[in-house]
Protein chains: 2
Amino acid sequence: MRISKPTIDDVARVAGVSRATASRVLNDAPGASGPVRARVHDAVAALGYRPNETARALASGRQRTVDVLAITYGPNEGWLGGHPYYSRVLAGMMSVLEAVDVQLRLCAVGSDATPAAIDAIAANATAGAVLATVTPTMAARFHRRCRRAVSLVATAPSVPAIEADNVGGAYTAVQRLHARGRGRIAAIHGPAGNPCAIDRRTGYRRAMRQLGLPDISADGDFLRAGGYQAALRLLDRHPDLDAMFVACDLMAAGAVQAIAATGRRVPDDVSIVGFDDSVAAICANPPLSTMRLPVEEMAAAATRLLLAGTVPTGHRERFAVDFVERGSTPRSTA
Amino acid sequence: MRISKPTIDDVARVAGVSRATASRVLNDAPGASGPVRARVHDAVAALGYRPNETARALASGRQRTVDVLAITYGPNEGWLGGHPYYSRVLAGMMSVLEAVDVQLRLCAVGSDATPAAIDAIAANATAGAVLATVTPTMAARFHRRCRRAVSLVATAPSVPAIEADNVGGAYTAVQRLHARGRGRIAAIHGPAGNPCAIDRRTGYRRAMRQLGLPDISADGDFLRAGGYQAALRLLDRHPDLDAMFVACDLMAAGAVQAIAATGRRVPDDVSIVGFDDSVAAICANPPLSTMRLPVEEMAAAATRLLLAGTVPTGHRERFAVDFVERGSTPRSTA
DNA sequence: TGTAGGCGCGGAAGCGCTCTCAGCAGAAGG
DNA sequence: CCTTCTGCTGAGAGCGCTTCCGCGCCTACA
């Protein structure tokens, strides 16, 4: 029965070396060799010693933890649970962190977070942070206090960002629908303030204008039920609709259900293009044609940037958003 | 331009007090009062000071971080990205952690993780860990090195667990199907070694035996594509099937698509009950009737247990798994 | 006036580790 | 035999914070 966990001093004592030497071999640092290394390793094994990461971080000033900052919208619904987006961000980050044995820390703040709360997180994000869903204000604040940050949405110009071409994606979506012979293309947009929602709406409008088609829009909330309701409203007001561009798959899944509920068929009567290529898209029936947001890749890129060291202020990368064809759009260019 | 971040010593100096006193007021500890508190707070504000959590953790021996240990199955597919389960675990945990300002740390290990890797995580999980998906071996190992652990699946009897009644849930699912007049009830099970999969299979078999119905089983992998394929195989071999019990919603969503692909209708020709009540269930079309696994509640309970202090060895809680009726089962008791 | 007792505060010893620096051996060179 | 260099090793000073201990002061009670 051990009284308390063994420390590096115990290891050093058992191995008959100094603490400095023990530290050297534990870190594979040069300047220790021959039988000493072996003795230290034996001592580690004998004691079941595991270095204390906290002490290590304090002494070295380096942390093996990168943070992700995310806003929790409402109670229950916004944070991770409700939306597949977050899990994809985490998956992308973990895929690169796992290999280098760095841990990921989740920091949630409300959408009404005080600057002080942001500062507190920034002050402790030594290894850096990925800003997953943040307001421009928060991102700017965070970046002022912690340079090692990269955002996954476009914010203030100074804060490094890895963004998706949301405008282009929405534009493409409308084009595809039009190329398949659709002319009454409605849109279900995301929540008002959301930067992604704004961009996707912009892309839709731009395409519709260029195509000379009427803007038929409804507002949603990026959640399934919102998509369902919005689709119902749209169908009620515009019974002649033949396509919908929906700003996220979760809403699109709801829209498919709503369309089915009115007795129409997807994709024959109403075609749908979603956005995100999330798990919701493959679970819908028919599976959704959608605009693939390379979230995992973006998150991985952001993480690599952080791991590499300093992130140049104003750094910017833009990922393409590609069309993925599945069952909710007609195959032929009818 | 600050050279380096202010420390508590800076605060103490500016406030004209000792470091000990500054520490007291920063921690709202007794033994400091009157104008001193105000002076310290002023100094904090003036310097933009934020305590270093690492140093704090080292000195106090307490961490404001709870870990979640999860296995990454294959490349890309298992971890978070592929399965909605993880995001629900995280959501449940965050809902309680957020309120007490504790952070969550994700630790991923492969299914082939060495004991040493587990030990390393256990040694640093001061505040405790929720074992989300682990093998019984891993759980036992972890618990030996770190008593503050609670598993979300049943494992060795000694390791505290908060589990769902998977057996009972599966049993209920079959009963419901039978009560609605279904007699040819097939099952799509989860991967062989998975504890949850095993329990759900047990529940299915028990119910079928009691009902005097034939066991018609296929194996899946807890992913959508696996459910799709399994359903196709089942339908091919047993064209007279009138119901399916599917061990997870993701697979069930695939099964719905497969059934539709063979020209059958859900729920009229083939009824389906899924398992989990995940986002996949509400995205499917028709939305899936499913067995609700209260993952968020379980994860929250586990987290609260950890936060409360020591977890009694062998502690056990069992959550009920309830039937949620949606569109994939017939309304009437035809 | 004397002695407890309580309160606010400062001094200082760590928490477990890293890392600089100096020391000391042995090899190489004169 | 003495010097210079190199390569291991250990002593010790922190990293930024918490917390124990004890000192002085003030109030209370005898």
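Trainee: What makes the six strands in chain A an open sheet, and in which order do they come?

Mentor: Keep in mind that this is a predicted model. The order in chain A is β7-β6-β8-β9-β10-β12, with mixed pairing. β7 (216-219) and β12 (322-324) of chain A sit at the edges with a single partner strand each, so one side of each has no neighbour in the sheet. On average, neighbouring strands are turned by 20 degrees against each other, ignoring direction.

Trainee: Why do β6 and β7 of chain A count as paired?

Mentor: Strands pair if there are at least two bridges between them. β6 (residues 185-189) and β7 of chain A have four bridges, in the parallel sense, so by that cut-off they count as a pair. One of the partnerships puts A:His189 with A:Asp219 in β7(A).

Trainee: What makes you say that helix α9 of chain A packs on this sheet?

Mentor: Its contacts do: the cut-off is heavy atoms within 4.5 Å, and α9 (residues 195-211) touches β6, β7, β8 (243-246) and β9 (271-276) of chain A. The direction of α9 makes about 165 degrees with that of β6(A).

Trainee: Over in chain B, which strands are called edge strands, and why?

Mentor: They are β7 (216-219) and β12 (322-324) of chain B, each pairing on one side only. The chain B sheet is open and has six strands, ordered β7-β6-β8-β9-β10-β12, with mixed pairing.

Trainee: How do you know that β8 and β9 of chain B are partners?

Mentor: Again the requirement is at least two bridges. β8 (residues 243-246) and β9 (residues 271-276) of chain B are joined by three bridges and run parallel, so they qualify. Look at B:Met244, for instance, which stands opposite B:Ile272 in β9(B). Helix α11 (residues 249-261) of chain B lies across β6 (185-189), β8, β9 and β10 (289-292) of that chain, at about 160 degrees to β9(B).

Trainee: On to the DNA. What makes the pair between A:Arg62 and DNA strand C a polar contact?

Mentor: The cut-off is a pair of N or O atoms within 3.5 Å. A side-chain N or O atom of A:Arg62 is 2.4 Å from a phosphate oxygen of strand C, so the pair passes. A polar backbone atom of B:Ser18 is 2.8 Å from a phosphate oxygen of strand C.

Trainee: Which contact of B:Ala59 with DNA strand C involves a base, and why does the contact count?

Mentor: A backbone N or O atom of B:Ala59 lies 3.3 Å from a base oxygen of strand C, which is within the 3.5 Å limit, so this one counts too.

Trainee: How many residues surround DNA strand C, and which element gives the most?

Mentor: There are 25, with A:Ile8, A:Arg19, A:Tyr49, A:Arg62 and B:Arg24 the closest. Sugar and phosphate make up 63% of the strand C atoms that come within 4 Å of the protein. α4(A) gives the most, with four residues.

Trainee: And what makes B:Ser23 a polar partner of DNA strand D?

Mentor: Its polar side-chain atom is 2.7 Å from a phosphate oxygen of strand D, so it is inside 3.5 Å. By the same limit, B:Asn27 qualifies at 3.0 Å and A:Thr21 at 2.8 Å, each through its side chain to a phosphate oxygen of strand D.

Technical notes: Residues are numbered from 1 along each chain as its sequence is written. Chains are lettered from A and ligands numbered from 1 in the order in which they are written. This is a predicted model: local features need pLDDT of at least 70, side-chain atom pairs count only at pLDDT 80 or more; totals for chains, interfaces and linings use all residues. Side-chain values use heavy atoms; hydrogens and water are left out. A polar contact is a pair of N or O atoms within 3.5 Å; within protein, one must be able to donate a hydrogen and the other to accept it, and residues adjacent in sequence count only if both atoms are side-chain atoms. Helices (H or I, at least four residues) and strands (E, at least two) are DSSP runs, numbered from the N terminus. Axes are lines fitted to C-alpha atoms, for helices over the stretch in contact, and angles run from 0 to 180 degrees between N-to-C directions. A residue is near a molecule or strand if one of its heavy atoms lies within 4 Å of it.
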